[in-house]
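Hi everyone, thanks for coming. I'll put the structure up and then walk you through a few side chains.

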Amino acid sequence: GLHLFAKVRLADIIEPIPGQKNWKSLWYKIQAKHVDFFICKPTMASLCALEIDDSSHNQANRKQRDEFVDFILKDSQIPIIRKNYIQCEELEKQLLELLNN
């Protein structure tokens, strides 16, 4: 019953509060970034973001990008799951834990 969306822009799921300090610079940063997958509950409420990290995520500039994405999602109270590969049973267990919280 979950909904899975691919390559979702951060700007489509979160938005800085206008008037907040540095909100425009944050807006420009989040509109240019996306997550690999975004998972919603059956009610379409946010459940979590899912990132599949290949070897490119070991590069310094990519690590900075990942840290920003992790921070902005955490600040928006959206959990993020990062995987190097997908193991269905393990992912299912993590999603069930999120649903039950």
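Before we start, one yardstick: buried means under 20% relative accessible area, exposed means over 50%, and partly exposed is whatever falls in between. Also keep in mind that this is a predicted model.

With that yardstick, take Cys 88. Is Cys 88 buried or exposed? Its relative accessibility is 54%, so Cys 88 counts as exposed. Cys 48 goes the other way: with 0% relative accessibility, Cys 48 counts as buried.

Now the thing you'd ask about cysteines at the bench: how many disulfides are there? The count is 0 disulfides. For Cys 48, the nearest cysteine sulfur belongs to Cys 40, and that is 9.1 Å away. For Cys 88, the nearest cysteine sulfur is the one on Cys 48, at 14 Å. A disulfide needs the two sulfurs within 2.5 Å, so neither distance qualifies.

Okay, on to charges. How many salt bridges does the model have? The count comes to 9 salt bridges, and I'll show you a few.

One of them pairs Arg 9 with Asp 12, with 3.0 Å from N to O. Arg 9 is partly exposed, at 35% relative accessible area.

Another one pairs Arg 65 with Asp 66, and there the N to O distance is 2.9 Å. Are these two buried or exposed? Asp 66 has a relative accessible area of 8%, so it is buried. Arg 65 has 13%, so that side of the bridge is buried as well.

Then there's Arg 82 with Asp 70, where the closest N and O atoms are 3.0 Å apart. This pair ties together distant parts of the chain: Arg 82 sits in strand β4, residues 80-83, while Asp 70 sits in helix α2, residues 60-75, and the two are 12 residues apart. Arg 82 has 25% relative accessibility, so it counts as partly exposed, and Asp 70, with 26%, counts as partly exposed too.

Here's the part I like. Which residues end up in one network through shared salt-bridge partners? They are Glu 51, Asp 53, Arg 62, Arg 65, Asp 66, Asp 70 and Arg 82. That puts the Arg 65 and Asp 66 we just looked at into one network with Arg 82 and Asp 70.

Next, rings. The count of aromatic pairs is 0. But one ring does have a charge over it: Lys 29 lies over the face of Phe 68, at 4.2 Å from the ring centre.

While we're on helices, find Gln 31 in helix α1, which covers residues 23-31. Gln 31 has 30% relative accessibility, so it counts as partly exposed. How far is Gln 31 from Ile 78, C-alpha to C-alpha? They are 17 Å apart in space, and 47 residues apart in sequence.

Last stop, the surface. Leu 2, Leu 96 and Leu 99 form a nonpolar patch there, and together they have about 220 Å² of accessible area. Leu 96 belongs to helix α3, residues 88-99. With a relative accessible area of 44%, Leu 96 is partly exposed.

If you take away a short list, I'd pick these: 0 disulfides, 9 salt bridges, and a nonpolar patch of Leu 2, Leu 96 and Leu 99 on the surface. Happy to go back to any of these on the screen.

Conventions. Residues are numbered from 1 along each chain as its sequence is written. This is a predicted model: local features need pLDDT of at least 70, side-chain atom pairs count only at pLDDT 80 or more; totals for chains, interfaces and linings use all residues. Side-chain values use heavy atoms; hydrogens and water are left out. Buried means under 20% relative accessible area, exposed over 50%, partly exposed in between (1.4 Å probe, protein chains only). Patches are made of residues with over 30% relative accessible area and no salt bridge: like charges are joined within 9 Å, nonpolar side chains (Val, Leu, Ile, Met, Phe, Trp, Tyr) within 5 Å. Accessible areas come from the Shrake-Rupley method with a 1.4 Å probe; for residues, only the protein chains shown count as cover. A salt bridge is a side-chain nitrogen of Lys or Arg within 4 Å of a carboxyl oxygen of Asp or Glu. Helices (H or I, at least four residues) and strands (E, at least two) are DSSP runs, numbered from the N terminus. Rings of Phe, Tyr and Trp (its six-membered ring) pair if their centres lie within 6.5 Å; planes under 30 degrees apart count as stacked, over 60 as edge-to-face and the rest as tilted. A charge sits over a ring if NZ of Lys or CZ of Arg is within 6 Å of the ring centre and within 35 degrees of the ring normal.
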